Amino acid sequence: MSVNQGTWDLWCFDQKLIKRVRVVQRADGYYVQFCVKIDNSEQLEATGYTIGLDVGLKDFYTDSDGYSEPNPRFYRKGEKRLKFHQRRVSRKKKGSTNRKKAINRLGRTHLKISRQREEHAKILARCVIRSNDLVAYEDLRVKNLVKNHCLAKSINDAGWYKFREWLEHFGTKFGRITVAVNPAYTSQNCSSCGEVVKKSLSTRTHVCKCGCQLDRDHNAAINILTRALGTVGHTGTYQNARGDSTSTLLGSDLVEQVGSLNRESPGISAMGSVKLVYISFVQK
Ligand SMILES: [Zn+2]
């Protein structure tokens, strides 16, 4: 049995700061998670930039400046590898040692891909948060996706949810604003004049009577940013006037943000004062 040390050095923390310990089993071994209460927030200078992100069908996201972040190549490569190992499992005799081995290989492949996604989402989110004072994105939930009949979008979902969690984590850590806006009509409305320009999923360009012509996702990203800025600007009054925080757009955003902070990882560390420490015991 070999022991691998995790990301953080556990021994430099006071024992009283360790709030929780969990043993987690993964395809490649056992992990011990230590939840440590420390302050890891960091104040950065304001950048003067705000940004809206639209999750596209083709790209990982398109921002309100028109920049498109491509999907990482391991997304497609990983899918192929998964299929390969899946086939190997199904070809082995049920209950055989070889099948068990193949299942373990499949599990490890799954694990590798999800770690790659996690790492990609983390690096990207950190970069976006550090270079903007406010980051806006759609409040996409499974419910919304089903309602929109936009199933193709779900391809990127796993990666996108990770990305969003990391955005909120780094937003808290670096003192930046993250806003999840209502995704309704962000792709249909004209970002220049507000007119509704109906388009199907295959229409890649937004063309409006007002003369505005933009890439479909770029137009949506601008709408997302505009909506976020409007929401943030009306914080107090809107909520007080209604007296009902959960039914308002802003209220639901806040509830959603708090909700995701309560989740395990990276939510736990998103509290700004809690850090996860991993120590793994990998079995040969
Ligand atoms: Zn227009």
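A residue is called buried here if 20 or more other C-beta atoms lie within 10 Å of its own, exposed if 12 or fewer do, and partly exposed in between, with C-beta atoms placed from the backbone. Helices (H or I, at least four residues) and strands (E, at least two) are DSSP runs, numbered from the N terminus. By that yardstick strand S7 (residues 134-138) is mostly covered, with four of its five residues buried.

The model is a predicted one, in which local features need pLDDT of at least 70 and side-chain atom pairs count only at pLDDT 80 or more, while totals for chains, interfaces and linings use all residues. Residues are numbered from 1 along each chain as its sequence is written. The pLDDT, the predictor's confidence in each residue on a scale from 0 to 100, averages 77 over the protein, and 72% of the residues score at least 70. Two stretches deserve some caution. Over residues 146-155 the pLDDT is below 50, and beyond near neighbours in sequence this stretch has seven contacts in the model; a contact is a pair of residues whose C-beta atoms, placed from the backbone, lie within 7 Å. Residues 237-284 also have a pLDDT below 50, and there the model holds 93 contacts beyond near neighbours in sequence.

Back to S7 and its surroundings. Strands of a sheet pair through backbone hydrogen bonds, either parallel or antiparallel. Two strands count as paired if DSSP finds at least two bridges between them. On that basis five strands form an open sheet in the order S6-S5-S4-S7-S8, with mixed pairing. Strand S6 (68-69) and S8 stand at the edges, each with a single partner strand, so one side of each has no neighbour in the sheet.

S7 runs parallel to strand S4 (residues 50-54), and four bridges join the two. Thr-50 has Leu-134 of S7 as its bridge partner, and Gly-52 stands opposite Ala-136 in S7. S7 also pairs with strand S8 (residues 177-181), again in the parallel sense, over five bridges; here Tyr-137 stands opposite Ala-180 of S8. Although S8 is an edge strand of the sheet, four of its five residues are buried, so the rest of the structure largely encloses S8.

The sheet strands also feed into a nonpolar core, meaning a set of buried Ala, Val, Leu, Ile, Met, Phe, Trp, Tyr and Cys residues joined through C-beta atoms within 7 Å. The largest such core has 27 residues, and those with the most contacts inside it are Leu-53, Ala-125, Val-135, Ala-136, Leu-167 and Ile-224. The elements giving two or more residues to this core are S4, H2, S7, helix H4 (157-174), S8 and helix H5 (216-233). H5 supplies the largest share, six residues.

Leu-167 gives a good view of how these pieces meet. Not counting residues up to four places away in sequence, Leu-167 touches Ala-125, Val-128, Ile-129, Val-135, Tyr-137 and Thr-178. Leu-124, in helix H2, has its C-alpha atom 8.7 Å from that of Leu-167, although 43 residues separate the two along the chain. With 19 C-beta neighbours inside 10 Å, Leu-124 counts as partly exposed. Leaving out residues up to four places away in sequence, Leu-124 touches Glu-69 and Phe-163.

Helix H5 can be followed through Val-232, which lies in that helix. Val-232 is in contact with Ile-177 and Val-179, leaving aside neighbours within four places in sequence. Val-232 and Val-179 are 53 residues apart in sequence and 8.0 Å apart in space, C-alpha to C-alpha. Val-232 itself counts as partly exposed, with 16 C-beta neighbours inside 10 Å.

Other parts of the chain sit in the open. Helix H1 (residues 74-91) has 18 residues and the number buried is zero, so H1 lies largely in the open. The expected span of a helix is 1.5 Å times one less than its number of residues; for H1 this gives 26 Å, and the end C-alpha atoms are 25 Å apart, which agrees. Lys-100, in helix H2 (residues 97-130), is exposed, with 12 other C-beta atoms within 10 Å. The C-alpha atoms of Lys-100 and Val-89 are separated by 8.2 Å, with the two residues 11 apart along the chain.

One last oddity is Tyr-185, in the loop between S8 and strand S9 (205-207). Most residues other than glycine have a negative phi. Phi of Tyr-185, however, is near 65°, a positive value. Tyr-185 counts as exposed, with 11 C-beta neighbours inside 10 Å.

Note on methods: Contact = placed C-beta atoms within 7 Å.
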